[in-house]
Amino acid sequence: MRAVVVHEFGPFEDLAIEEFPKPEPGPQEVLLEVHATAANFVDLLVISGQYQFLPDLPFAPGKLPAGVVVEAGSAVKDCKVGDRVLAMAEHGGYGEFVAVPASQCFKLPDKMSFVDAAAMALVYDTAWFALRDRARYQVGDTVLVLGATGGVGLAAVQLAKAMGAKVLAGVSSWDKTDIARDAGADVVIELSRSNLIDSLREQVFEVTGNRGADIVLDPVGSDIFDAAIRAVAWRGRYVVIGFAAGRIPTIRANYVLLKNIEITGLQISDYRKRMPGQMRACFQEIFGHYNAGKIRPAPTTILPIAQFATALADIRDRRTRGRIVLSHGKD
């Protein structure tokens with residue numbers, strides 16, 4: 001088969017599409033013909049060798065591809081040839097085929113395209129676990145989403161709104177306000193104001209009756225974390241999802257004690273491995289909201305797999321508005 005292949009960890013510019021062995025599914029696996037896979041920031045980390053879980057070399061990168069089951073192992077009962085599925089593959093989506101445990105495949109709603117499935121994968125399940133599991137969302141909570149125009153941020157805004165939250169969208173560039181509003185944000189919080197350590201809290205307190213946010217979802221880190229932690233309500237929950245801004249922040253423990261707040265982290269790959277039942281519940285709710293028209297993928301740019309380097313460069317250089325999906329040209 002044809003695939004983007006990583007022989008040694010390093011720059012994505014060194015990669016090329018080449019012939020690679022077609023995987024053989026085991027007894028409990030299915031072989032998926034890949035139709036679409038999103039390009040993600042995490043792909044840059046995996047390709048460069050900086051991610052916490054790295055595949056054995058050589059491998060094809062690309063998480064959570066969407067496609068069609070073309071072969072099923074002898075012990076597979078819940079998937080059959082011809083099923084349209086989203087697969088929880090940790091890598092392999094940049095290839096034409098990938099072998100995945102059948103238990104890690106979720107059938108797509110009839111009206112969901114492969115592109116939509118790929119665009120929603122990784123970001124919506126991350127947002128769902130941040131809200132439902134780590135932050136224990138309750139109806140009526142006020143949720144502050146930082147980095148609200150990024151992939152996880154936009155998904156979190158839509159999901160929180162679909163769940164009944166009051167949603168505050170933190171944006172670093174005011175010209176992206178329309179994206180957050182279109183996703184359903186009730187209030188936009190400006191993260192580019194001067195004296196952010198005070199101005200962020202002032203904005204949040206102004207729209208929450210001086211309470212603060214019950215939940216903060218943070219895929220950004222750095223100085224924004226330092227400011228946002230001061231905007232958490234009493235008994236609030238702060239979920240650390242990533243450090244897109246670069247610096248990994250620290251906090252003095254006495255602050256957690258004085259405000260009775262929780263700071264917790266989310267690393268989504270562990271849920272796929274350790275709690276597949278909860279992952280299934282996650283996608284059941286996500287697909288349900290999609291069918292009901294309550295959520296939709298972010299604006300999506302579709303590129304052929306041959307332009308994978310362009311997609312990754314745009315993500316690295318923050319030139320994207322919404323999602324980039326790599327198509328294998330089979331639709």
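User: How many disulfides does a search of the whole structure find?

Analyst: A disulfide is read as a pair of cysteine sulfur atoms within 2.5 Å, and a search of the whole structure finds zero of them. C105 is in no disulfide, the nearest cysteine sulfur being that of C79, 4.8 Å away. For C282, the closest cysteine sulfur is in C105 at 15 Å, too far for a bond. Please keep in mind that this is a predicted model, in which local features need pLDDT of at least 70 and side-chain atom pairs count only at pLDDT 80 or more, whereas totals for chains, interfaces and linings use all residues. Residues are numbered from 1 along each chain as its sequence is written, and side-chain values use heavy atoms, with hydrogens and water left out.

User: Are C105 and C282 buried or exposed?

Analyst: Buried means under 20% relative accessible area, exposed means over 50%, and partly exposed lies in between, with a 1.4 Å probe and protein chains only. C105 has 3% relative accessibility and counts as buried, and C282, at 0%, also counts as buried.

User: How many salt bridges are there, and which residues are linked in a network?

Analyst: Side chains of opposite charge can pair when their charged atoms come close. The criterion here is a side-chain nitrogen of Lys or Arg within 4 Å of a carboxyl oxygen of Asp or Glu, and a search of the whole structure finds 20 such salt bridges. One network of salt bridges links E13, D314, R316, D317 and R319. Within it, D317 and R316 form a salt bridge whose closest N and O atoms are 2.9 Å apart; D317 is partly exposed at 35% relative accessibility, and R316 is partly exposed at 39%.

User: Which parts does the salt bridge between D198 and R230 tie together?

Analyst: The closest N and O atoms of D198 and R230 are 3.0 Å apart. Helices (H or I, at least four residues) and strands (E, at least two) are DSSP runs, numbered from the N terminus. D198 lies in helix α6 (residues 196-207) and R230 in the loop between α7 (222-228) and β12 (232-240), so the pair ties together parts that are 32 residues apart in sequence. D198 itself, at 25% relative accessibility, counts as partly exposed.

User: How many residues does the largest nonpolar core have, and which helix gives the most to it?

Analyst: A nonpolar core is a set of buried Ala, Val, Leu, Ile, Met, Phe, Trp, Tyr and Cys residues joined through side-chain atoms within 4.5 Å. The largest one has 85 residues, and those with the most contacts inside it are V143, L217, M279, F283 and I286. Helix α4 (residues 151-163) gives the most to this core, with nine residues. A second, separate core of 22 residues includes V216, V220, A227 and I229.

User: What is L217 in contact with, and where does T149 lie?

Analyst: Contact means heavy atoms within 4.5 Å. Leaving aside its neighbours within four places in sequence, L217 is in contact with several residues, among them A130, V143, A156, V239 and I241. T149 lies in the loop between β8 (142-145) and α4, and with a relative accessible area of 16% T149 is buried. When its neighbours within four places in sequence are left aside, T149 is in contact with L154, V171, K176, I179 and A180.
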